[in-house]
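Q: I should like a close look at a single part of the model shown here, namely the surroundings of its ligand. Please then relate that part to the charged pairs and the nonpolar interior.

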Amino acid sequence: EEGAAPSAEVRPENPYSRLMALQTMGVVPEFERIRDFSVMVVGLGGVGAVAAEMLARCGVGKLLLFDYDGVELANMNRMFFRPEHVGKSKVEAAKEVLETINPDVEYEHYAYDVTLMTNWEHFLDRMQYGGIGEASPVTLVLSCVDNYAARMAVNQACTELNLPWMESGVSESAMSGHIQFMLPGRTACFACVPPLVVAEGRDEGELKREGVCAASLPTTMGIVSSLLVQNALKFMLGFGQISYLLSYDAMGNFFPSGIVRPNPECNLPSCLERQHEYYGQWQPEEWVAAHA
Ligand code: ATP
Ligand code: ZN
């Protein structure tokens with residue numbers, strides 16, 4: 001009958017055929033390469049858990065999930081977790097959900113603090129050897145944590161191992177957020193431009209307003225995770241223009257973008273080493289061309 005919706009029995013949909021259409025339409029050269037990629041997601045809060053879900057739905061080859069916390073009722077104003085997950089570790093609950101959504105993805109999960117010295121060797125080991133195939137590094141690391149110390153740990157590990165990573169953040173007012181693509185030695189690392197309070201040697205606690213509970217909106221966090229995964233897909237599959245620094249201002253309704261160059265006086269030794277290796281050898285060409 002004309003105009004009737006196609007029934008599921010008659011046309012069983014293969015979810016991948018819809019993703020593969022990106023290839024047929026000439027957007028992405030080879031979408032199936034997504035199966036060769038592995039992504040480490042550090043922090044499974046309002047941004048990280050949603051990012052992991054998007055990557056699982058896209059059929060990424062492998063996901064390595066890190067978070068030291070458990071699911072709480074206070075997390076319900078974010079996407080992904082549900083009240084029945086309360087009491088479980090975020091990594092455990094996330095793996096369970098993601099496995100039902102896409103069992104073809106390979107999952108690794110670790111419930112620990114990535115800033116602890118006792119976990120450092122293992123954390124670096126999973127970055128360096130946790131990729132797909134014998135002893136290969138992960139394709140990309142996504143930092144979805146909510147504090148300075150954890151960002152510095154991801155920054156140091158990725159800079160030492162020279163792995164590409166993306167940083168993300170949502171402001172305490174929930175009215176803005178950003179994503180930043182970090183290529184060690186080529187773009188600024190997280191230590192190249194420290195927040196003013198930290199640069200002055202004051203306590204990180206001062207970064208948070210005293211007695212003020214951080215706001216949180218599933219919308220802003222959802223937008224930031226989408227920007228993050230969109231950029232991850234562009235980088236891995238090689239389509240479109242990569243964002244180096246992309247911010248989202250909910251109040252003003254705009255998306256400022258730019259690129260932050262490395263600081264030759266950065267106090268992270270491995271950043272200076274990478275800067276030296278890449279000196280004069282790298283230009284963000286696509287970005288320059290599009291924004292000139
Ligand atoms: P709240 O706003 O109440 O602090 P949250 O901690 O869930 O909530 P999000 O921004 O939603 O904040 O998520 C950040 C995630 O990063 C959290 O799940 C947190 O457990 C995780 N995280 C932060 N620091 C570390 C760390 N050092 N090691 C592992 N996971 C971390
Ligand atoms: Zn640096």
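Which N or O atom, in the side chain of which residue, is 2.9 Å from an oxygen atom of ligand 1?

A: The partner is Arg78: an N or O atom in its side chain is 2.9 Å from an oxygen atom of ligand 1. This is a polar contact, that is, a pair of N or O atoms within 3.5 Å; within protein, one must be able to donate a hydrogen and the other to accept it, and residues adjacent in sequence count only if both atoms are side-chain atoms.

The model is predicted: local features need pLDDT of at least 70 and side-chain atom pairs count only at pLDDT 80 or more, while totals for chains, interfaces and linings use all residues. Residues are numbered from 1 along each chain as its sequence is written, chains are lettered from A and ligands numbered from 1 in the order in which they are written, and side-chain values use heavy atoms, with hydrogens and water left out.

The backbone also takes part around ligand 1. A backbone N or O atom of Val114 lies 3.1 Å from a nitrogen atom of the ligand, and a polar backbone atom of Tyr68 is 3.4 Å from a ligand nitrogen. Of the 620 Å² of accessible area that ligand 1 has on its own, the protein covers 81% (Shrake-Rupley method, 1.4 Å probe; for residues, only the protein chains shown count as cover).

There are 20 residues around ligand 1, and Gly46, Asp67, Arg78, Lys90 and Asp113 come nearest (a residue is near if one of its heavy atoms lies within 4 Å). By class, this shell holds eight nonpolar, six polar and six charged residues. Here Ala, Val, Leu, Ile, Met, Phe, Trp, Tyr, Cys and Pro count as nonpolar, Asp, Glu, Lys and Arg as charged, and the others, Gly among them, as polar.

Turning to charged pairs, the count comes to eleven salt bridges, each a side-chain nitrogen of Lys or Arg within 4 Å of a carboxyl oxygen of Asp or Glu. Glu96 and Lys88 form one of them, at 2.9 Å from N to O. Glu96 is partly exposed at 36% relative accessibility, and Lys88 likewise counts as partly exposed at 31% (buried means under 20% relative accessible area, exposed over 50%, partly exposed in between; 1.4 Å probe, protein chains only). Glu99 and Lys95 meet at 3.7 Å; both lie in helix H3 (residues 90-101), four residues apart, about one turn of the helix. Helices (H or I, at least four residues) and strands (E, at least two) are DSSP runs, numbered from the N terminus.

Arg126 and Asp125 meet at 2.7 Å. Arg126 counts as buried at 14%, whereas Asp125 is partly exposed at 29%. A network of salt bridges links this pair with Lys62, Glu106 and Glu108.

As for the interior, the largest nonpolar core has 51 residues, and Val41, Leu55, Leu63, Leu65 and Leu142 have the most contacts inside it. Such a core is a set of buried Ala, Val, Leu, Ile, Met, Phe, Trp, Tyr and Cys residues joined through side-chain atoms within 4.5 Å. Elements that each supply at least two of its residues include strand S1 (38-42), helix H2 (48-58), strand S2 (62-66) and H3. H7 gives the most, with nine residues.
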